[in-house]
Amino acid sequence: MNNILSIGTRLRDRYKIIDVLSHQTAFGITYKIVDSHHPNKPTRILKQLKKTTAAKLDIEYLSTSKQEIILKQYWLECLRLFRIESQTLAKLGENYQQIPTIFEYFDEQDEYFYVQEYIEGLSLTTEIRQGKRLSESQTISLLIEILEILEYVQTYPNYSVIHRDIKPENIIRRSADNKLVLIDFGLAKEVTVSGTKIGSIKGGTKGYIAPEILLGRVSFASDIYSVGMIGVFAITGEDPAYTATLAENWQSKANVSQEFTSVLNKMVCESYKQRFQNATEALVALRNLLKNTPHSQLPLKLISQLIVGIVLVIVVISTIIITKKTDTTLIADGKEQEGQLTQSDPKELINGKHYDIYNFTSGKQKYLTVEIVSKNFNPTFTIRKVNEDNFISVKNISTKENNFTATFMLENGQYELKIKSINMALGNYAIKAWVTDK
Ligand SMILES: Nc1ncnc2c1ncn2[C@@H]1O[C@H](COP(=O)(O)OP(=O)(O)O)[C@@H](O)[C@H]1O
Ligand SMILES: [Mg+2]
């Protein structure tokens with residue numbers, strides 16, 4: 001068994017583990033790390049190949065020597081897939097923004113790793129949720145966005161890939177440009193000749209996995225099924241992971257056009273031979289639906305989208321103006337400053353929470369500690385480097401009664417610290433800050 005590395009561990013004297021994101025799946029362990037060799041100390045993702053046990057493979061009834069042989073074979077196959085995963089990703093992500101870039105593959109003390117780009121954003125599980133239905137046109141647009149990535153990975157010369165685990169958790173909407181990024185190629189399989197191939201290691205997620213994969217038959221159409229099931233989830237508001245029969249009876253749970261019904265049915269039909277065979281075919285059908293939208297509806301739709309757009313621009317501009325007005329400089333002299341979170345503070349568009357922004361300029365690399373004392377609300381802190389990054393939430397806030405303290409490591413540059421309340425509570429607070437070298 002390989003050990004899950006603990007937070008704080010350093011690898012290659014360079015990568016420091018700051019979080020364990022996942023160790024539940026069979027093949028890999030996913031960590032959030034910081035690359036201390038890079039001048040910007042960026043966050044990255046580290047993948048470690050996981051070892052298995054006789055119990056997990058259900059072969060404990062065999063003699064020890066047989067178990068060892070099987071475990072060895074299994075490990076070699078995992079290692080092969082892990083290498084393929086990193087090489088394929090490295091190729092596919094090289095000049096393409098919607099797959100994480102791979103930086104390095106290495107092994108250390110018989111453990112195997114690769115380092116990949118960290119995508120800041122939220123997964124599709126926040127856009128598609130149980131009980132929330134998207135409209136037909138929203139669902140079509142979302143499917144097109146996903147299929148465009150799939151088309152890229154399916155048509156890449158010599159490195160085309162079947163992902164085999166497409167589901168909302170494995171698609172992140174990057175906050176920087178609002179584009180989708182496909183992650184978790186842990187089960188991906190290189191396809192040399194397009195068409196079908198027998199899989200040697202099974203995986204995938206209930207509800208999204210194409211039925212033929214369970215029989216060991218994998219093809220590009222298997223990924224079309226998974227994307228289709230994301231569409232089914234979006235349009236019905238029901239998660240296929242929990243409703244077994246959704247692929248067959250989703251139509252009774254949604255109110256959609258005949259045309260879209262037949263396209264989605266063709267994506268999720270049980271027989272892979274009758275499905276769209278690849279992303280390009282599915283894209284053609286979905287784009288045709290958009291083209292064939294009755295013209296009389298178009299102007300109305302356009303006008304309403306335009307109005308929504310204008311309102312959004314006004315809201316964003318006024319938020320920026322308000323934000324600018326209420327910007328305050330944080331003086332790190334250890335003295336208390338008074339603050340107040342009120343209804344008239346700017347608020348976040350998504351969750352409606354009011355916030356205060358503090359500016360801080362850091363001359364050299366140092367640690368900034370910020371302490372908030374408030375009887376009215378429990379604060380959360382997010383921080384970003386101005387003009388460079390998105391706000392990152394700070395998790396290690398220490399709490400003592402009404403006293404909340406967090407420490408940030410800063411480089412040279414200008415930062416913005418955002419203070420808001422965990423819930424919607426508002427009120428007075430005192431803020432104190434100081435810097436240290438460690
Ligand atoms: N490149 C990445 N950028 C940001 N978050 C990631 C990235 N890769 C993985 N994650 C996060 O870690 C979680 C687990 O990683 P994933 O690659 O999906 O492995 P698993 O096979 O365990 O699902 C993801 O659901 C996502 O939240
Ligand atoms: Mg995953």
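Let me begin at one residue, Lys375, which is exposed, because just 9 other C-beta atoms lie within 10 Å, and a residue counts as exposed at 12 or fewer. I should say at once that what we are looking at is a predicted model. Lys375 sits in the loop between strand S17, residues 366–373, and strand S18. If you follow the chain onward you come to Gly427, which is 52 residues away from Lys375 along the chain, while the C-alpha atoms of the two are separated by 8.1 Å.

From that loop we can step into the sheet that holds S18. This is an open sheet of five strands with mixed pairing, and its order reads S14-S16-S22-S18-S19. At its edges are strand S14, residues 328–329, and strand S19, residues 392–393, each of which pairs on one side only. Inside that order, S18, covering residues 379–385, runs antiparallel to S22, covering residues 413–421, and seven bridges join the two. If you want a position to look for on the screen, take Lys385, which stands opposite Tyr415 in S22.

Let me turn to another sheet, an open one of three strands, where the order is S7-S9-S10 and the pairing is antiparallel. Its edge strands are S7, at 121–123, and S10, at 180–182, each pairing on one side only. On average, and ignoring direction, neighbouring strands in this sheet are turned by 30° against each other. Between S7 and S9, the latter being residues 171–174, there are three bridges in the antiparallel sense, and the bridge partner of Gly121 in S9 is Arg174.

Now for the ligand: which residues of the shell are closest to ligand 1? There are 18 residues around ligand 1, and the closest are Leu21, Ser22, Thr30, Ile119 and Asp184. Three strands, namely S2 at 15–22, S3 at 28–35 and S6 at 111–117, each supply at least two residues of this shell. Sorted by class, the shell holds seven nonpolar, eight polar and three charged residues. As for where the ligand lies, both domain 1, residues 10–117, and domain 2, residues 121–292, give residues to the shell, and therefore ligand 1 lies between these two domains.

The next element is helix H4, which runs from residue 220 to residue 236, and here we can check the length against expectation: at 1.5 Å a residue its 17 residues should span 24 Å, and the end C-alpha atoms are 25 Å apart, which agrees. Is H4 largely enclosed or largely open to the outside? Of its 17 residues, 17 are buried, so the helix is largely enclosed by the rest of the structure. Just after H4 comes Gly237, which takes a positive phi of about 75°.

That brings me to two other residues with a positive phi, neither of which is a glycine. Asn158, with a phi of about 70°, has its place in the loop between helix H3, residues 136–155, and strand S8, residues 161–162. Asn158 is exposed, with 9 other C-beta atoms within 10 Å. Glu401, where phi is about 50°, is found in the loop between strand S20, residues 398–400, and strand S21, residues 403–410. Glu401 has 7 C-beta neighbours inside 10 Å and so counts as exposed.

Terms used. Residues are numbered from 1 along each chain as its sequence is written. Chains are lettered from A and ligands numbered from 1 in the order in which they are written. This is a predicted model: local features need pLDDT of at least 70, side-chain atom pairs count only at pLDDT 80 or more; totals for chains, interfaces and linings use all residues. Helices (H or I, at least four residues) and strands (E, at least two) are DSSP runs, numbered from the N terminus. The expected span of a helix is 1.5 Å times one less than its number of residues. A residue is buried if 20 or more other C-beta atoms lie within 10 Å of its own, exposed if 12 or fewer, and partly exposed in between; C-beta atoms are placed from the backbone. A residue is near a molecule or strand if its C-beta atom, placed from the backbone, lies within 6 Å of it. Ala, Val, Leu, Ile, Met, Phe, Trp, Tyr, Cys and Pro count as nonpolar, Asp, Glu, Lys and Arg as charged, and the others, Gly among them, as polar. Domain bounds come from an automatic or database domain assignment. Two strands pair if DSSP finds at least two bridges between them. Axes are lines fitted to C-alpha atoms, for helices over the stretch in contact, and angles run from 0 to 180 degrees between N-to-C directions.
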